[in-house]
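Student: I'd like a close look at a single part of this model, taken slowly. Please start from one residue and work outwards from there.

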Amino acid sequence: MVRGLHLSALLLWATAVHAQAPETHDHAAHQRAATPADPSPVVVPLDAAARATLTRHTVEASAYGHTLRCEGVSLAALLQSSGAMPDAPLRGAHLDRYVLVRARDGYRAVFSLGELDATLGNRGVYLVDRCDGAPLDADSGPLRLLVPDDTRPARGVRQVERITVIAAP
């Protein structure tokens, strides 16, 4: 009986000590595993040749009271074809990457790779070069970014001159 009491006391003590011990997690190992192997930043080519092999989409979006009917390529497809975004579902180190779109006048917009990934955010974002059947004029183009599902067109960028994929610091 005394032996059973000692064993019970020992089990209670071990349970209490384990419950109070903080969980250990090797954050350094996690960081090493999550370190991206891909370079950063990656400048995405925007020339006609880089877009020529991609599927073209017809896109309708509202911008400042006007409905635009445009044609262009998916931003995700452009990123994938340039190697700036993997074709496979994103995971790990790619989830800290973001896309910076810059216009000729200095306007900028940001998207995470996760929101563009078809298995995560699946956000439709398009780089267009034609609207209403004609090439974009100098005020809007030669390239324009459209985000049809955004409630406001604030991330729609006119006069796109550079797209860069960057790993967050």
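Tutor: Happy to, so let's start with L75. Setting aside residues up to four places away in sequence, L75 touches V99, L116, V125, Y126, L145 and I163, where a contact means heavy atoms within 4.5 Å. Before we go on, a word on the source: this is a predicted model, in which local features need pLDDT of at least 70 and side-chain atom pairs count only at pLDDT 80 or more, while totals for chains, interfaces and linings use all residues. Residues are numbered from 1 along each chain as its sequence is written, and side-chain values use heavy atoms, with hydrogens and water left out.

L75 is found in helix α4, which runs over residues 75-81. Helices (H or I, at least four residues) and strands (E, at least two) are DSSP runs, numbered from the N terminus. L75 is buried, at 0% relative accessibility; buried means under 20% relative accessible area, exposed over 50%, and partly exposed in between, with a 1.4 Å probe and protein chains only. L127 is 52 residues away from L75 in sequence, yet their C-alpha atoms are 5.9 Å apart.

Now follow one of those contacts, V99. Not counting neighbours within four places in sequence, V99 is in contact with L75, L79, A109, V110, F111, L113, L116, I163, T164 and V165. V99 also appears, with L79 and I163, among the residues with the most contacts inside the largest nonpolar core, a set of 27 residues. Such a core is a set of buried Ala, Val, Leu, Ile, Met, Phe, Trp, Tyr and Cys residues joined through side-chain atoms within 4.5 Å. The elements giving it two or more residues are α4, β4 (97-103), β5, α5 (113-116) and β9, and the largest share, 4 residues, comes from α4. Another core lies apart from this one, with 10 residues, among them A61, A63, C131 and L136. As background, nonpolar side chains tend to be buried together in soluble globular proteins.

Three of the contributing strands also belong to one sheet. An open sheet of 4 strands has the order β1-β9-β4-β5 with antiparallel pairing; two strands pair if DSSP finds at least two bridges between them. Its edge strands, each pairing on one side only, are β1 (42-43) and β5 (108-112). β1 pairs with β9 (residues 160-167) over 2 bridges, and the partner of V43 in β9 is T164. On the other edge, β4 and β5 are antiparallel over 5 bridges, and V101 stands opposite A109 in β5. The same two strands form a hairpin with 4 residues between them, and G106 in the turn has a positive phi of about 95°.

β5 deserves a look of its own. Its side chains alternate: A109 and F111 point to one face and are buried, whereas R108, V110 and S112 point to the other and are not. V110 does have a neighbour in E115: apart from residues up to four places away in sequence, E115 touches V110, G121, N122, R123 and R155. E115 has its place in helix α5 and is buried, with a relative accessible area of 19%.

N122 takes us to a pocket. N122 is one of the five residues closest to the centre of the second largest pocket, along with A76, L116, D117 and A118, out of 17 that line it. On a 1 Å grid over the protein atoms alone, a pocket is an open set of points where a 1.4 Å probe fits, with protein on both sides within 12 Å along at least five of seven lines; lining residues have an atom within 4 Å of a point. Helix α4, where we began, gives the most to that lining, with 3 residues. The lining has 9 nonpolar, 5 polar and 3 charged residues, where Ala, Val, Leu, Ile, Met, Phe, Trp, Tyr, Cys and Pro count as nonpolar, Asp, Glu, Lys and Arg as charged, and the others, Gly among them, as polar.

Finally, the setting: the chain has 5 helices and 9 strands, and 34% of its 169 residues are buried. Among contacts with a separation of 6 or more, 61% join residues 24 or more positions apart.
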